[in-house]
Amino acid sequence: MRGTERDLAERLRRLEDREAIRDLHNHYCFIQDRGHQSHAEADVEAFLRLCDLDVVWDNSPDGSRAHRGRDAVGAYLRELWPRFQNCMHFVHNLSIVFESDSRARGRSSFEAVGDIDGEAFVAAGYYEDEYVRTRQGWRFLLHREVPFFFVKEKEGWAGPKPAIMREWLAKRVV
Amino acid sequence: MRGTERDLAERLRRLEDREAIRDLHNHYCFIQDRGHQSHAEADVEAFLRLCDLDVVWDNSPDGSRAHRGRDAVGAYLRELWPRFQNCMHFVHNLSIVFESDSRARGRSSFEAVGDIDGEAFVAAGYYEDEYVRTRQGWRFLLHREVPFFFVKEKEGWAGPKPAIMREWLAKRVV
Amino acid sequence: MRGTERDLAERLRRLEDREAIRDLHNHYCFIQDRGHQSHAEADVEAFLRLCDLDVVWDNSPDGSRAHRGRDAVGAYLRELWPRFQNCMHFVHNLSIVFESDSRARGRSSFEAVGDIDGEAFVAAGYYEDEYVRTRQGWRFLLHREVPFFFVKEKEGWAGPKPAIMREWLAKRVV
């Protein structure tokens, strides 16, 4: 390949990488939505296939509540998802920065709506992610959810943030 | 064009196709938002121009409520849109898969907010689409809306899904 | 560079430009979210760095409430942002049209959720933007926010649009 073509091919691949990472998030949402309703092992497995073997799911700022590796993340989701009757997730404002040819970081905003304990809830917050290019394509290497609110719809989110429903904090899945 | 260039040109066109299909959805939202407020024939016509002549609008899983062809879809929208005072639509998580150079499928999530019968409503669900490349660009070939909820804001969406407001089911536009 | 390569390079840059403009919106949301909570000068400055020196922020249809130039926009934001305790913004349906190699227009929909005067609010509307390519990359040249509603969550948005909470209209920041 000539020099100019190589340059064009690299820029093109970077754009394709962005699309692949967007799709990673889209599929994560779709699978999670299904999983919250089905509570089926197949959906947990489908989500884990979007993750690198060394994936870390860490909603804590200091790693104290990190789930490390596919097995640990799977165990966490098998406990987490059944707590919801159903849910839809929306990813917004996804901004991707490449650190190398095979590593990238993403920041996005999310919303979720659905039912928990028989009540309508609304959630919003930020996703912070790291992605790695594997032989099978881009995969999640780190996933972090930083809540802005997660409240019963009838109670609303006014007040100090993150605003988290009392019942959730009482029986948090660590 | 040399072989490598042809390959680059094809990959580039695929990315441009993604952008064109995204814009198809964006314009669908903007036009629909206007049409729900204007109830004007011009907005129905503008939407139909985003559709292939053979477009099918089918919100049923089995084709029993399909509207086939631009004329039928136009007739449906002329009945549907005036039921709303106004509305905004948001498309999220759009994931596109190409089946050939000129055919693609999309899956996305949507939200809508607005007024119906003098009351604030919220809606969420999934869009399932097929697109075709025509001489005029990409067009909708199939559009399907799978509701998660469509409820009065004051009543909320708790309960079995899809959660649809009673009044809507009573006078459904088929 | 050969003719075909030049053509490919131009189409590629156009796609990169779309990504850069999307990121401009993403960063605008993230910075604004921080600024509504921090009320810090650093966040106002970070937002202004996304803007051309000649940026205009004009929420009026006739220019009567336009803020012209970075200094004027900064002064406006220093008055506007402290009125909110916190906020998240989501940009949807971003549709970009290029007018030249270095100028583009965008239309998008937005939602915002957060607290104002101790109460939960929801907002939705349209953004209308112009962008210019500078030596430092794409920047906002015009930003306009066209509200659909901006209401207390407990009051809802039913009624004539734009539906704006009474308290906001009473002490509008011009």
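1. A word on terms before the details: a residue is buried when its relative accessible area is under 20%, exposed when it is over 50%, and partly exposed in between (1.4 Å probe, protein chains only). On that scale B:Glu45 comes out as partly exposed, with a relative accessible area of 32%. Keep in mind that this is a predicted model, where local features need pLDDT of at least 70, side-chain atom pairs count only at pLDDT 80 or more, and totals for chains, interfaces and linings use all residues. As for bookkeeping, residues are numbered from 1 along each chain as its sequence is written, chains are lettered from A and ligands numbered from 1 in the order in which they are written, and side-chain values use heavy atoms, with hydrogens and water left out.

2. Chain A, for orientation. Its secondary structure comes to 4 helices and 7 strands, where helices (H or I, at least four residues) and strands (E, at least two) are DSSP runs numbered from the N terminus. Along the sequence the pattern reads α-α-β-β-α-β-β-β-β-β-α. The C-alpha trace of chain A spans about 60 × 35 × 30 Å along its principal axes, and 58% of the 174 residues of chain A count as buried.

3. On symmetry: chain B falls on chain C after a rotation of 120° with 0.0 Å of shift along its axis, at an RMSD of 0.0 Å. The two copies are therefore related as by a three-fold rotation axis. The fit is by least squares on the C-alpha atoms of residues with pLDDT of at least 70 in both.

4. Strand β4 of chain B deserves a look. It covers residues 103-116, and 11 of its 14 residues are buried, so the strand is largely enclosed by the rest of the structure. On one side, 12 bridges join β4(B) to strand β3 (residues 84-98) of chain B, and the two run antiparallel; pairing here takes at least two DSSP bridges between the strands. B:Met88 has B:Val113 as its bridge partner in β4(B). A hairpin with 4 residues between the strands connects β3(B) and β4(B).

5. What does β4(B) do with β5(B)? It pairs with strand β5 (residues 119-134) of chain B in the antiparallel sense, over 14 bridges. B:Arg105 stands opposite B:Glu130 in β5(B). These two strands also form a hairpin, with 2 residues between them, and B:Asp117 in the turn has a positive phi of about 50°.

6. Now the empty space. There are 4 cavities of 30 Å³ or more in the structure. A cavity is a set of points, on a 1 Å grid over the protein atoms alone, where a 1.4 Å probe fits but cannot get out, and lining residues have an atom within 4 Å of a point. The volume is the space filled by probe spheres set on the points, with points joined across faces, edges and corners.

7. The largest cavity has a volume of about 600 Å³. Its lining has 29 residues, with A:Arg22, A:Val91, B:Arg22, B:Asn93 and C:Arg22 nearest its centre. Elements giving two or more residues to that lining are α1 and β3 of chain A, α1 and β3 of chain B, and α1 and β3 of chain C. By class the lining has 8 nonpolar, 12 polar and 9 charged residues; Ala, Val, Leu, Ile, Met, Phe, Trp, Tyr, Cys and Pro count as nonpolar, Asp, Glu, Lys and Arg as charged, and the others, Gly among them, as polar.

8. The second largest cavity holds about 410 Å³ of space. Of its 28 lining residues, A:Glu111, A:Val122, B:Glu111, C:Glu111 and C:Val122 lie nearest its centre. Here β4 and β5 of chains A, B and C each supply at least two residues. By class, this lining has 22 nonpolar, no polar and 6 charged residues.

9. Salt bridges (a side-chain nitrogen of Lys or Arg within 4 Å of a carboxyl oxygen of Asp or Glu) come to 60 over all chains. One of them joins B:Glu45 and B:Arg78, with the closest N and O atoms 3.6 Å apart. That pair links distant parts of the chain, helix α2 (residues 41-48) and helix α3 (residues 70-80) of chain B, 33 residues apart. B:Arg78 is partly exposed, at 37% relative accessible area.

10. Buried or partly exposed: where do C:Arg22 and C:Glu19 fall? Both are buried, and their side chains meet in a salt bridge (3.1 Å, N to O). The two residues lie in helix α1 of chain C, 3 residues apart, about one turn of the helix.

How values were computed:
On a 1 Å grid over the protein atoms alone, a cavity is a set of points where a 1.4 Å probe fits but cannot get out, and a pocket is an open set with protein on both sides within 12 Å along at least five of seven lines; lining residues have an atom within 4 Å of a point.
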